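Q: I have a structure open in front of me and I am not sure how to read it. Could you take me through some of its features, one at a time?

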Amino acid sequence: MDWLFFGEISLAGLAMGGLYALIALGFVIIYKATRVINFAIGEIMMFAAYLFLAFAGGMEMSPWIALPLAVIGGSILGGVIEKTMIRPMLGESPISVVMVTIGIASILVGLVEFVWTADPQLLPNFLPREPVFIGELYLAPKIAYGFLIGSALLIVYLLYFRFSRGGVALRATASDQAAAYSMGINVRRVFNMAWVFGSLAASLAGVLVAATGGLSPQFGIIGLSVLVVVIVGGLDSILGALVAGVFIGWLETVAGAYLGGEYRMPATFLVLAIILVIRPYGLFGTHEIERV
Amino acid sequence: MRIGDAKQSYEADEAIWTSQTQKLWLGFFLLILLVFPFVVDSYLLYLGCLVGIAVISTTGLNILTGFTGLISLGQAGFMGVGAYTVAWLSINTALPFPVTLVLAGLMAAAVGILVGLPSLRVKGLYLAIATLAASVFLHFIFAEWESVTGGMGGLSLEPAHLFGLTFQSDFMMYFIIVPLAVLMVLAARNVFRTRIGRAFIAIRDRDISAEILGINLLRYKLMSFALSSFYAGIAGGLFAYFYRVVTPESFPLSMSIFYLAAVIVGGMGNLLGGILGAAFMTLVPEALKLLTAALTPFYPNAPVFMSPMLEIIFGALIVGFLIFEPHGLAEIWHRIRRFFRLWPFRN
């Protein structure tokens with residue numbers, strides 16, 4: 001076995017996993033606050049990446065201005081989706097809400113194809129090009145710098161949700177909505193903010209992933225990998241999102257490199273199936289006890 | 001206004017068709033179905049066959065999702081199992097097509113039971129994701145098990161034969177698909193008059209309460225999975241005979257979502273809704289194609305925008321129905337009927 005090759009593949013996988021962790025964090029924030037499983041997260045990422053393409057490629061802005069603009073655009077999209085389409089579904093069965101997000105995903109794909117056509121696009125390169133070596137291991141620069149930017153936001157998020165007023169409000173809402181409401185927390189605002197922050201994380205990750213792998217209306221399929229991550233980690237666990245994100249990213253890349261690209265999805269879904277049978281609530285998720 | 005409707009026996013109360021008028025309309029509808037292939041052109045005939053297949057599959061998914069409350073993202077995978085079974089059997093054996101179709105249904109039901117096994121341990125959205133995993137695995141098997149499924153190239157099969165007839169044209173296929181669709185919807189209607197069907201509904205309404213009432217959850221959930229995938233398998237088998245080519249890409253995830261959308265748009269837990277939803281969702285893209293063709297002389301770019309428009313309309317239909325008309329087309333239908341039934345005395 002070629003350990004150097006394995007090391008390089010693993011490193012690339014771990015870096016990709018860092019981005020998965022960021023997306024999964026966005027997913028978990030939305031789930032924790034609003035109990036909505038967001039099947040449209042991949043499409044929100046895609047939408048932000050196309051916005052970046054429009055700002056940086058079409059309008060020829062500097063990528064470092066286009067990136068924040070695209071991320072803000074993606075977060076606004078999340079907030080608008082919550083206000084207009086998720087809020088009216090409050091109290092409906094989870095199945096219906098999930099179907100609404102699937103419908104939203106379809107609408108976003110259609111909109112993107114409408115504006116940018118169905119052809120694959122390349123994002124203008126904005127990350128440094130010098131190859132990165134960690135010890136002897138080579139890492140593609142786009143992946144390395146993508147990982148760094150992603151982790152920076154990840155750390156900001158973790159600190160924010162641990163210490164800030166907004167973070168405490170979110171965690172309070174997640175643990176008991178009625179109690180949080182009676183303590184004067186504006187639960188509606190928390191719902192909306194959760195969507196905005198969740199979409200923000202997804203948008204940044206979307207631009208970074210698209211910068212390494214290209215962009216097309218099928219980009220949203222990455223949402224399926226994220227779904228695996230959050231189920232394996234536990235839908236309501238931030239720690240789970242981090243651990244499972246890194247692990248699934250690694251597994252997917254290694255399976256793709258050693259077995260071939262067609263094995264990527266089955267490999268991760270196999271882990272998903274095993275977890276669903278052994279620990280349905282995920283590695284770190286809360287086991288909910290149901291009462292009649 | 002309808003009068004003289006007092007029921008005097010349990011049989012009358014349980015009857016599917018409660019009035020003479022209803023039977024009359026039903027007979028009229030069946031007559032139209034019978035005459036339809038003789039009077040329409042080949043395009044409408046093709047659409048009729050498509051709707052028939054969609055009705056069977058949607059009814060199957062409705063049994064699982066609408067009546068048992070188990071959401072499934074694997075319907076396309078189960079249809080694929082049926083289609084591949086039919087294709088393999090018709091290439092490698094000399095079995096007549098009714099036998100291959102039934103075997104396709106049974107094979108899909110067996111896979112359905114396997115996929116349903118986690119349903120005792122996980123439910124709701126977790127179950128949806130388990131079925132999603134199943135459809136990923138099935139797609140993988142379709143694409144990679146080349147000795148049986150022909151890999152990415154898929155399988156091509158001969159038209160169905162029976163009693164010296166060759167079911168090659170859409171016209172001939174219509175007379176397999178539509179009677180089968182009518183039969184299978186009727187069968188589903190009857191299931192919900194039995195203990196099994198009632199158990200499904202009880203599980204949907206509250207599974208824990210149902211278990212306390214003595215319903216064996218695992219058994220009935222698996223039964224629902226089996227029944228639903230049996231329908232999917234038959235629909236898949238018909239799909240195989242209709243297009244006579246089966247590839248892994250014939251059954252993408254978006255197809256599972258399509259059927260789920262058909263159930264929702266039609267009305268969850270309502271067989272009439274399933275029929276309406278299947279027909280509606282199949283015909284909307286075709287209507288859009290017609291519209292595009294009509295617009296092309298004025299806007300030469302129209303065909304370019306058709307596929308994105310379709311995605312948007314598809315999504316908007318799902319979101320719109322869930323927000324504004326959660327009971328679907330069936331509810332609209334009932335509202336119209338109520339209007340006529342109460343006619344002079346409304347308000």
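A: Happily! Keep in mind that this is a predicted model. Let's begin with a single residue: L154(A) is found in helix α5 of chain A, residues 141-163.

Q: Is L154(A) buried or exposed?

A: The general idea is to count C-beta atoms around the residue, and 20 or more others within 10 Å make it buried. L154(A) has 23 C-beta neighbours inside 10 Å, so it counts as buried.

Q: Which residues is L154(A) in contact with, leaving aside its neighbours within four places in sequence?

A: L154(A) is in contact with A21(A), L22(A) and L25(A) once those neighbours are left aside. For another kind of reading, take V80(A): 74 residues separate it from L154(A) in sequence, and the two C-alpha atoms are 23 Å apart in space.

Q: Where does T173(A) lie, and how many other C-beta atoms are within 10 Å of it?

A: T173(A) lies in helix α6 of chain A, residues 165-175. With 25 other C-beta atoms within 10 Å, T173(A) is buried. Now look along the chain: T173(A) and K32(A) are 141 residues apart, while their C-alpha atoms are separated by 8.3 Å. Not counting residues up to four places away in sequence, T173(A) touches A33(A), A180(A), I185(A), V187(A) and V190(A).

Q: Next, helix length. What should the 22 residues of α10(A) span?

A: The idea is to allow 1.5 Å a residue, which gives 32 Å for the 22 residues of α10(A), residues 238-259 of chain A. The end C-alpha atoms of α10(A) are 31 Å apart, which agrees. This helix is also mostly covered, with 16 of its 22 residues buried. Just after α10(A) comes G260(A), whose phi is positive, near 115°.

Q: How many residues does α6(B) have, and how many of them are buried?

A: α6(B) has 20 residues and reaches 29 Å from its first C-alpha to its last, close to the 28 Å expected. Of those 20 residues, 15 are buried, so α6(B) is largely enclosed by the rest of the structure.

Q: You mentioned a positive phi. Which residue in the loop between α4 and β1 of chain A should I look at?

A: Look at T117(A), which is found in that loop, between α4 (94-116) and β1 (132-134). T117(A) has a positive phi of about 60° although it is not a glycine. With 15 other C-beta atoms within 10 Å, T117(A) is partly exposed. In chain B, try R244(B), in the loop between α11 and β4 (245-246). R244(B) is not a glycine, and its phi is positive, about 60°. R244(B) is partly exposed, with 17 other C-beta atoms within 10 Å.

Q: Now for pairs of helices. At what angle do α8(B) and α11(B) pack?

A: Two packed helices are described by the angle between their axes and the distance between the axes. Here α8(B), residues 170-191, and α11(B), residues 217-243, pack at an angle of about 170° with their axes 11 Å apart. They are therefore roughly antiparallel to each other. From α8(B), the residues M173(B), I176(B), I177(B) and M184(B) meet Y231(B), I234(B), L238(B), Y241(B) and F242(B) of α11(B). The residues of this contact divide into nine nonpolar, no polar and no charged.

Q: How do the axes of α12(B) and α14(B) cross?

A: Their axes come within 9 Å and cross at roughly 40°, and the two helices are therefore oblique to each other. The crossing of α12(B) past α14(B) is left-handed. In this contact, A261(B), I264(B) and V265(B) of α12(B) meet F314(B), L317(B), I318(B), F321(B) and L322(B) of α14(B). Its residues divide into eight nonpolar, no polar and no charged.

Q: Last, the contact between the chains. How many residues does it take from each chain?

A: The size of an interface is often given as the accessible area lost when the parts come together. Here we can list residues instead: the contact takes 36 residues from chain B and 34 residues from chain A. On the side of chain B, the elements that give two or more residues are α6 (125-144), α10 (207-212), α12 (253-266) and α14 (302-324). The largest share of that side, 13 residues, comes from α14(B). The residues of the chain B side divide into 28 nonpolar, four polar and four charged.

Key: Residues numbered from 1 in each chain as written. Chains lettered and ligands numbered in written order. Predicted model: local features only at pLDDT ≥ 70, side-chain atom pairs only at ≥ 80, totals over all residues. Contact = placed C-beta atoms within 7 Å. Helix = DSSP H or I, 4+ residues; strand = E, 2+ residues; numbered from the N terminus. Nonpolar A, V, L, I, M, F, W, Y, C, P; charged D, E, K, R; others polar. Axes fitted to C-alpha atoms, helices over the stretch in contact; angles between N-to-C directions. Parallel < 35°, antiparallel > 145°, perpendicular 65-115°, else oblique. Left-handed = near helix turned anticlockwise from the far one by under 90°. Buried ≥ 20, exposed ≤ 12 C-beta atoms within 10 Å, placed from the backbone. Expected span 1.5 Å × (residues − 1).
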